Amino acid sequence: MFLSYYGDDFTGSTDVMESLALHGVKTVLFTRIPTLQEQARFAGVDAVGIAGTSRSQTPEWMDENLPRHFIWLQQLGARFCHYKVCSTFDSAPHAGNIGRAIEIGRRVFRQQVTPLVVGAPQLRRYTAFGHLFAGYQGQVYRIDRHPVMSRHPVTPMDEADLRLHLARQTQLPVDLVPANALNDPTVDQVIDAAKGIVLFDVFDKATQLEVGRQVLRMSGRVGPFIAGSSGVNYALVKALAAAGEIPGTASFPALPRVERTIAVSGSCSPTTARQIRHALAHGFTGLHADPLDLARMPDAAVAHLSSEAKRLMGEGRSVLVYTALDPESDRGGALDAIPGGRHRVGQGLGRIARACIEEFGLRRAILAGGDTSSHALGELDILALTTRFPLLATPGSPLCTAASSDARLDGIEIAMKGGQLGGGDYFVALRDGLAS
């Protein structure tokens with residue numbers, strides 16, 4: 001097997017699957033550790049992932065849950081094992097602690113050095129001299145000046161130097177291989193001297209290819225465990241394709257239109273807000289869900305919203321259930337005062353989606369919001385996902401085919417997207433279909 005991976009949220013996990021599938025690497029993403037019988041259903045794949053929720057969890061949760069996942073992935077014997085994080089690297093000591101996750105991974109794999117690759121030009125994410133930059137609305141911003149990520153409601157990015165950012169989360173030293181030093185002798189010197197994490201700059205496709213070549217070259221020396229965004233996977237597959245070891249391309253059948261679909265969103269991102277407004281102007285019917293109701297009285301709120309959504313779908317409409325239309329309407333402060341409140345919002349939205357799917361036999365659904373998608377999918381009894389249709393214009397948010405023991409859910413097409421991902425017509429395009 002080429003690669004195994006743990007995704008720190010569900011949308012990021014499908015991002016990895018998409019980047020691999022686009023290059024001809026057959027990949028399956030499990031929502032939990034499968035039984036041997038369940039795993040056998042996907043025999044012959046080149047990569048296996050586990051979609052997790054560590055991005056929204058505490059270090060204590062990581063200590064309790066990540067080791068068994070890493071041990072299972074290690075037992076697959078893949079050439080690489082990737083701990084996947086968001087390409088905006090948003091994390092904090094108390095939530096989604098990337099440093100703690102790397103500490104756990106290197107203990108399981110008994111590995112002194114952990115390579116770290118964050119830049120992914122395909123997603124308009126760039127690292128230069130250890131600093132992270134991200135695109136937004138046609139501009140590129142240093143991450144601590146990014147209009148959205150610098151104000152993230154849970155893990156705002158107020159430090160662009162990833163070495164300093166990680167220093168808040170771990171005592172492991174963080175070394176750097178800058179883009180102007182990506183040659184064999186320099187990389188070897190850094191790796192030989194390193195005792196913790198080694199960050200590799202990636203700011204264009206040329207440096208990405210060279211980083212992939214370097215990671216492949218030194219893997220036998222360093223070990224299989226590697227951390228980073230889907231930039232890890234893009235770097236590796238570009239290098240493997242250049243070496244003729246994988247096809248490097250893949251094709252997917254065209255995506256037909258569906259008459260109606262259910263979409264749920266717990267995102268507060270302006271990007272998602274634009275997508276929601278576009279959808280409401282192009283045939284979707286909106287249904288606002290108060291996140292505090294979902295957090296405080298989940299059963300009553302879900303019952304009411306499910307009833308309303310089913311009534312609207314019964315009239316032949318596509319329905320979009322959303323908790324916010326922009327950062328200003330975020331109820332984050334109040335939600336954080338409710339233990340488990342944010343998780344219950346995502347779970348509630350998942351229950352609403354499931355009610356509509358089962359009532360009308362829907363074959364396509366959309367889950368928006370990084371943390372939301374993770375907890376919403378957990379309510380859908382989905383065992384695994386494979387790539388159905390990559391969205392080439394806006395990578396990182398593909399449409400997937402679900403596998404489930406429930407016949408009503410088996411084979412359903414599900415798209416999951418983080419707050420910053422997708423074009424303005426994301427919801428509409430997934431309803432109306434796309435050419436291959």
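A cavity is a set of grid points where a 1.4 Å probe fits but cannot get out, and its lining residues have an atom within 4 Å of a point. The exercises below apply this and related criteria to a predicted model.

**Exercise 1. The largest cavity**

Determine which residues line the largest cavity and which element supplies the largest share of that lining.

Solution.
1. The search of the whole structure returns 2 cavities of 30 Å³ or more. The largest has a volume of about 40 Å³.
2. Its lining consists of F80, P115, V215, M218, S219, V222, G223, F225 and I226.
3. Two elements, α7 (205–222) and β11 (225–228), each contribute at least two of these residues. The largest share, 4 residues, belongs to α7.
4. Sorted by class, the lining contains 7 nonpolar and 2 polar residues, and no charged ones.

**Exercise 2. The second largest cavity**

State how the lining of the second largest cavity divides by residue class.

Solution.
1. The second largest cavity holds about 30 Å³ of space.
2. R55, S56, D90, H152, V154, T155 and D371 form its lining.
3. The division is 1 nonpolar, 3 polar and 3 charged residues.

**Exercise 3. The second largest pocket**

Identify the residues closest to the centre of the second largest pocket, and the helix that gives the most to its lining.

Solution.
1. The volume of the second largest pocket is about 450 Å³.
2. The pocket is lined by 23 residues, and those closest to its centre are F10, T31, R32, G378 and I382.
3. Two or more lining residues come from each of α2 (36–40), α3 (59–75) and α14 (370–377). Of the elements, α3 gives the most, with 4 residues.
4. By class, the lining of this pocket comprises 7 nonpolar, 11 polar and 5 charged residues.

**Exercise 4. The span of helix α13**

Test whether the distance between the end C-alpha atoms of α13 agrees with the span expected at 1.5 Å a residue.

Solution.
1. Helix α13 covers residues 341–360, which is 20 residues.
2. The expected span is 1.5 Å times one less than the number of residues, so α13 should extend over 28 Å.
3. The end C-alpha atoms of α13 lie 29 Å apart, in agreement with that expectation.
4. The buried residues of this helix are G341, V345, G346, G348, L349, G350, I352, A353, R354, C356 and I357.
5. Just after the helix, G361 adopts a positive phi of about 65°.

**Exercise 5. Salt bridges within helices and between loops**

Of the 29 salt bridges counted, examine R100–E103, E308–R311 and R168–D158. For each, locate the partners and classify their exposure, using under 20% relative accessible area for buried and over 50% for exposed.

Solution.
1. The closest N and O atoms of R100 and E103 are 3.6 Å apart. The two residues are 3 apart in helix α4 (residues 98–108), which means that about one helical turn separates them. R100 is partly exposed at 23% relative accessibility, whereas E103, at 18%, is buried.
2. R168 and D158 approach to 2.7 Å between their closest N and O atoms. R168 belongs to the loop between α5 (162–167) and β9 (174–177), and D158 to the loop between β8 (139–142) and α5, so this salt bridge ties together parts that are 10 residues apart in sequence. R168 is partly exposed at 43%, and D158 is partly exposed at 47%.
3. E308 and R311 meet at 3.1 Å, N to O. These residues are 3 apart in helix α11 (residues 298–314), about one helical turn. E308 is partly exposed, with a relative accessible area of 24%, and R311 is partly exposed at 43%.
4. Salt bridges with shared partners also join D184, D188, D192, E210, R213, R217 and R221 into one network.

**Exercise 6. Cysteines without a disulfide**

Explain why C268 and C400 form no disulfide.

Solution.
1. A disulfide requires two cysteine sulfur atoms within 2.5 Å.
2. For C268, the closest cysteine sulfur is that of C86, 15 Å away, which is too far for a bond. C268 is buried, with a relative accessible area of 17%.
3. For C400, the closest cysteine sulfur is again in C86, at 16 Å, also too far for a bond. C400 is buried, with a relative accessible area of 0%.
4. The count for the structure comes to 0 disulfides.

Terms used: Residues numbered from 1 in each chain as written. Predicted model: local features only at pLDDT ≥ 70, side-chain atom pairs only at ≥ 80, totals over all residues. Heavy atoms only, no water. 1 Å grid on protein atoms, 1.4 Å probe; cavity = no way out; pocket = protein on both sides within 12 Å on 5 of 7 lines; lining within 4 Å. Points joined across faces, edges and corners; volume = space filled by probe spheres on them. Nonpolar A, V, L, I, M, F, W, Y, C, P; charged D, E, K, R; others polar. Buried < 20%, exposed > 50% of the residue type's maximum accessible area, 1.4 Å probe, protein only. Salt bridge = Lys/Arg side-chain N within 4 Å of Asp/Glu carboxyl O.
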